[in-house]
Amino acid sequence: MMSMTCHTLDGRAVLDFVACGCSSNALLDRYSVRNYSKANSKGSCRGYGARLNRIRCGVSSMKTAETPVPKMAAEALLNGVPQGLPQVLNLTKESRKPVSLTNLFEVVANDILTLNQNLQSIVGAENPVLMSAAEQIFGAGGKRMRPALAFLVSRATAELVGLKELTKEHRRLAEIIEMIHTASLIHDDVLDESDMRRGKESVHQMFGTRVAVLAGDFMFAQSSWYLANLENLQVIKLISQVIKDFASGEIKQASSLFDCDVELEEYLLKSYYKTASLIAASTKGAAIFSGVDNYVAEKMYDYGKNLGLSFQVVDDILDFTQSAEQLGKPAGTDLAKGNLTAPVIFALKKEPKLRDIIDSEFSETGSLDEAIALVKACGGIEQAQELAKEKAHLAIQNLECLPKTAFRLALEDMVMFNLQRID
């Protein structure tokens, strides 16, 4: 069975579902088919400061009954006290098979191939410099994760309504999503003064800041034009909100640098703006173009949101655990710039000395390395891993409304692939 917490993101209601200590193990039992483990004795919500405004419990195939959770169970969810709650996901290597992006995207390989062929042409060739900038980043490869997710959801939801083939709107949506993502990367590299992107020189490094900013603006504008031509007001509003969220995320991050009082909820909101918003909009938009009902469309939105948040938390963990060679940049780069992510926020709750070092903005030689060591020593990494797993578990639950097809399995594998990165 499940509990439900309702909170808002910039005024938009968001529902999160968390496994609770009820008798139903239907969701966890499914994992044995895919070599995922069911549970162990640990609680699934080891206290990371979440605030449950409303908790309800109950399970059915499509809807959740509204039976209140006892106060002690709610406190267990908040504080991590074992109360018979199932473990979110057991990620031991023995419990599942490794997942690769190549394998999980295989079922939409032809869709991605068509997208790659279309991307550069839809940017437009009116301005050779802007086209060259677009070719630089499109040509640098990239995982195409966001459009691939849109294709997977498109095909998974199409089967619900008996749609045999994707529509032109499905395909155009995936192209728009990748254009918006690429535009955001160009601008991010300018803001972060990053010289490399996907192993190649960044656009601003190659063409200069002025061209990079204009290239990003042009791609945002071009994607907006194609979006308007989809002539679906619901999707237009959905994707337009993403562009606003990008700016909100950057402003929120810039206004909280070196702020040791930043709360986990603020971090998650910023992560939603910068990462999860686009993924959630793409998965919901794909469902809308399949013609499914609002319940399924909202579940696809929640899947994208939770997957996106889990991805961002994992990325922030890797900033501490991977080498500079693996990251393509020095370890602890976000911390050095004053961007306090989940591992640091957790560590600050336990280690007062870390606050002093961050407040000094690493003015002393070796202070950054000391701060990184403190984050690792006092459990910041482990707590962030639990947070990533919790969001992953929610994403898996959001897929329950889909038929058990190769496309749904690939969507589940996407969740597991992300968590593999912190094994």
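Trainee: What makes F258, C260, L335, L340, V344 and L348 contacts of I358?
Mentor: Contact means heavy atoms within 4.5 Å. I358 meets that with each of these six, leaving aside its neighbours within four places in sequence.

Trainee: What do the values rest on?
Mentor: This is a predicted model: local features need pLDDT of at least 70, side-chain atom pairs count only at pLDDT 80 or more, and totals for chains, interfaces and linings use all residues. Residues are numbered from 1 along each chain as its sequence is written, and side-chain values use heavy atoms, without hydrogens or water.

Trainee: Why is the largest group of 108 residues called a nonpolar core?
Mentor: A nonpolar core is a set of buried Ala, Val, Leu, Ile, Met, Phe, Trp, Tyr and Cys residues joined through side-chain atoms within 4.5 Å. Buried means under 20% relative accessible area (1.4 Å probe, protein chains only). The 108 residues fit, so they form such a core. F105, I358 and M414 have the most contacts inside it. Helix α11 (residues 264-290) gives the largest share, 15 residues.

Trainee: What makes α11 a helix?
Mentor: A helix is a DSSP run of H or I, at least four residues. Residues 264-290 form such a run, so α11 counts.

Trainee: Why is the crossing of α6 and α19 called left-handed?
Mentor: Left-handed means the near helix is turned anticlockwise from the far one by less than a right angle. α6 passes α19 that way, so the name applies.

Trainee: Which residues of α19 make the contact?
Mentor: F407, R408, A410, L411 and M414.

Methods
Buried means under 20% relative accessible area, exposed over 50%, partly exposed in between (1.4 Å probe, protein chains only). Helices (H or I, at least four residues) and strands (E, at least two) are DSSP runs, numbered from the N terminus.
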